[in-house]
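Here's a quick tour of a fold, starting from the inside and working outwards. Have the viewer open while you read.

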Amino acid sequence: MILIKIKKILRSIAIGLIISLSIMLITTPSHERFEKWILQEYGIRCEFDKYLIDVCYKDEKRIDFKSSHFRNSAFFASYEKRYEYEDGEKLTVRTLGVLGVLLRMNEGFLWDLLNN
């Protein structure tokens, strides 16, 4: 009797885990969604110049793209993008996407844990 209850509980846990992981897999944000969100969230606007290069501005100051790192681990995605102003000031944007939600992240233990 107890063994049957334990089997039912374990089966329910397994089904719940499979459903949860499937939902996470389906709702992982794309690279394009990260790009759009970062531009909107941080108030960065970009346009093409006459040489077909993206020229971006934040707070009416020109900001240049330097590097980025996108990681999609199926159940979540993370994106780090670095910009530099003309005066040398740097801006690093870290974003975590899980269950269709994009969140700002700071450098620290959690960021390191998810990206290493």
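The largest nonpolar core has 14 residues, and Ile 38, Tyr 42, Ile 44, Ile 63, Tyr 83, Leu 91 and Val 93 touch the most other members. A core here is a set of buried Ala, Val, Leu, Ile, Met, Phe, Trp, Tyr and Cys residues joined through side-chain atoms within 4.5 Å, with buried meaning under 20% relative accessible area (1.4 Å probe, protein chains only). α2, β4 and β5 each chip in at least two residues, and β4 gives the largest share, 4 residues. Apart from this core lies another one of 5 residues, including Leu 96, Met 105, Trp 111 and Leu 114.

This is a predicted model, so to speak with filters on: local features need pLDDT of at least 70, side-chain atom pairs count only at pLDDT 80 or more, and totals for chains, interfaces and linings use all residues. Residues are numbered from 1 along each chain as its sequence is written, and side-chain values use heavy atoms, leaving out hydrogens and water.

Now the sheet: 6 strands form an open, antiparallel sheet in the order β1-β2-β3-β4-β5-β6. Strands are DSSP E runs of at least two residues, helices H or I runs of at least four, numbered from the N terminus; strands pair if DSSP finds at least two bridges between them.

| Edge strand | Residues |
|---|---|
| β1 | 44-48 |
| β6 | 101-105 |

Each edge strand has a single partner, so one of its sides is left without a neighbour in the sheet. Further in, β2 (residues 54-58) and β3 (residues 61-72) pair over 3 bridges, and Tyr 57 stands opposite Arg 62 in β3.

Key: Buried means under 20% relative accessible area, exposed over 50%, partly exposed in between (1.4 Å probe, protein chains only).
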